[in-house]
Amino acid sequence: ELPCIVDFYADWCAPCRKLAPILDDLATQYTGKINIYKVDVDNELELSSFYGIQNIPTMIFCPKNGDPIRFVGLYSKEDYINFIETHLLNNI
């Protein structure tokens, strides 16, 4: 029903640990507008393989309309906000 972000991460991954509080803030900021899901690549090998996850963190931004867009690596909170506003919320 809502656009979403799927975060593929691992607990041992330093960039993933840096990303976690950013995603927590975004989840609060965009409550009711987008959903954020977390997938631990160590526990979800089949799902990670299905999506071709080779590097983490990898985030897949899924707009309601249009194709998913993949982000690999760690970016600033402002980059994520800009992307959410531009590609997820303006694409409803």
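The legends below accompany close-up views of a predicted model.

**View 1. The whole chain, with its order of helices and strands from the N terminus.** The chain of this predicted model holds 3 helices and 4 strands, and from the N terminus on these elements follow one another as β-α-β-α-β-β-α. The radius of gyration is 13 Å, close to the 12 Å that the globule rule gives for 92 residues, so the chain is as compact as a globular protein of that length. Measured out along its principal axes, the C-alpha trace would be described by a span of about 35 × 25 × 20 Å. Buried residues account for 37% of the 92 residues in the chain, and among contacts between residues at least 6 apart in sequence, 68% join residues that are at least 24 apart.

**View 2. The surface of the chain and its charges.** The chain exposes about 5600 Å², of which carbon and sulfur atoms supply 49%. It carries 7 positive and 13 negative charges, and the mean positions of these two sets lie 5 Å apart.

**View 3. The largest nonpolar core, with Ile5 and its surroundings.** This core has 15 residues, and those with the most contacts inside it are Ile5, Leu26, Ile34, Met59, Phe61, Tyr80 and Ile84. The elements that give two or more residues to the core are α1 (14-29), β3 (58-62) and α3 (77-89), and the largest share, 5 residues, comes from α3. When residues up to four places away in sequence are not counted, Ile5 touches Ile34, Asn35, Ile36 and Tyr37, together with Met59, Ile60 and Phe61, and also Ile84 and Leu88. A second core, separate from this one, has 12 residues and includes Val6, Ala10, Cys13 and Cys62.

**View 4. Helix α3 and the elements against which it packs.** Within α3, the residues Tyr80, Phe83, Ile84, Leu88 and Leu89 are buried. The buried residues of this helix pack against two kinds of element, namely the strands β1 (4-9), β3 and β4 and the helix α1. Two of the buried residues of α3, Tyr80 and Ile84, are also listed with the most contacts inside the largest nonpolar core, and Ile84 and Leu88 are both touched by Ile5.

**View 5. Phe71 in strand β4, with the cis peptide bond at Pro57.** Phe71 belongs to strand β4, which covers residues 69-72, and its relative accessibility of 14% falls under the 20% limit, so Phe71 counts as buried. Leaving aside neighbours within four places in sequence, Phe71 is in contact with Pro57, Thr58, Met59 and Phe61, as well as with Tyr80 and Phe83; the last two, Tyr80 and Phe83, are among the buried residues of α3. Pro57, one of the residues in contact with Phe71, is placed in the loop between α2 (45-50) and β3, and a cis peptide bond, with omega about 0°, joins Ile56 to Pro57. The C-alpha atom of Phe71 is separated by 17 Å from that of Leu47, which is 24 residues away along the chain.

**View 6. Leu47 and Ser48, two residues of helix α2.** Leu47 and Ser48 are both placed in helix α2. Leu47 has a relative accessible area of 32%, which lies between the limits of 20% and 50%, so Leu47 is partly exposed. Ser48, in contrast, has a relative accessible area of 6% and is buried. Not counting residues up to four places away in sequence, Leu47 touches Phe8 and Val39, while Ser48, with its neighbours within four places left aside, is in contact with Phe8, Val39, Val41 and Ile53. From C-alpha to C-alpha, Leu47 and Tyr75 are 24 Å apart in space and 28 residues apart in sequence. For Ser48 and Tyr9, which are 39 residues apart along the chain, the C-alpha atoms are separated by 9.7 Å.

Conventions
Residues numbered from 1 in each chain as written. Predicted model: local features only at pLDDT ≥ 70, side-chain atom pairs only at ≥ 80, totals over all residues. Heavy atoms only, no water. Rg over C-alpha atoms; globule rule 2.2 N^0.38 Å. Buried < 20%, exposed > 50% of the residue type's maximum accessible area, 1.4 Å probe, protein only. Contact = heavy atoms within 4.5 Å. Areas by Shrake-Rupley, 256 points an atom, 1.4 Å probe, with all protein chains shown as cover. Lys, Arg positive; Asp, Glu negative; His and termini not counted. Charge placed at Lys NZ, Arg CZ, Asp CG, Glu CD. Core = buried A, V, L, I, M, F, W, Y, C linked by side-chain atoms within 4.5 Å.
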